[in-house]
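User: I am new to this structure and would like a close look at a single part of it. Please take one helix pairing and walk me through it carefully.

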Amino acid sequence: MEELKQKYSQFQIELIEQFVRSGFPREFGEVVAGQLHSEKVLYRMKQYLRQAEPTSMEEVADELLSVMAEVNNWKEKKVNEYYNGRLNELLQYGLEDDDGNETEKL
């Protein structure tokens, strides 16, 4: 677990360094990196800085909000898929009573 935290911290450090190389204040990079909670989105933001070469903090903030919205949508989709699967099981197999006997299907 500690190795995973160190690796994640390294991704944060690399992103912050990319902010500095791109001409943004280190503090801004630290705030942005603190909002991103996975290696994938940290890497994505780093690539954005390198390829899009944004010229203002507003552009970066817009991208940050976009990335965060996509992550939230993905999480919501996974939760919905899980519960949809559970509902399908219920519809297919029905409920069990306290004795373990199957009751009628819905």
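Analyst: In this predicted model, helix α3 passes helix α4 in a right-handed crossing. The contact is built from Val41, Arg44, Met45, Tyr48 and Leu49 on the α3 side, while α4 contributes Glu59, Val60, Glu63, Leu64, Val67, Glu70 and Val71. Sorted by character, the residues of this contact comprise eight nonpolar and four charged ones, with no polar residue among them. The axes of α3, which covers residues 39-52, and of α4 come within 11 Å and cross at roughly 150°. Because angles over 145 degrees count as roughly antiparallel, α3 and α4 are therefore roughly antiparallel to each other.

Turning to α4 itself, this helix runs over residues 57-93 and so has 37 residues, which at 1.5 Å a residue should span 54 Å; the C-alpha atoms at its ends are 54 Å apart, in agreement with that expectation. The buried residues of α4 are Val60, Glu63, Leu64 and Val67, and these four names also appear in the list of residues that α4 brings to the contact with α3. Just after the helix, Gly94 takes a positive phi of about 80°.

Back in α3, one further residue deserves attention, namely Lys46, which has its place in that helix. Lys46 counts as buried because its relative accessibility is 15%, and the cut-off for buried is under 20%. Leaving aside residues up to four places away in sequence, Lys46 touches Glu14, Leu15 and Gln18.

Key: Residues numbered from 1 in each chain as written. Predicted model: local features only at pLDDT ≥ 70, side-chain atom pairs only at ≥ 80, totals over all residues. Heavy atoms only, no water. Helix = DSSP H or I, 4+ residues; strand = E, 2+ residues; numbered from the N terminus. Expected span 1.5 Å × (residues − 1). Buried < 20%, exposed > 50% of the residue type's maximum accessible area, 1.4 Å probe, protein only. Axes fitted to C-alpha atoms, helices over the stretch in contact; angles between N-to-C directions. Parallel < 35°, antiparallel > 145°, perpendicular 65-115°, else oblique. Left-handed = near helix turned anticlockwise from the far one by under 90°. Contact = heavy atoms within 4.5 Å. Nonpolar A, V, L, I, M, F, W, Y, C, P; charged D, E, K, R; others polar.
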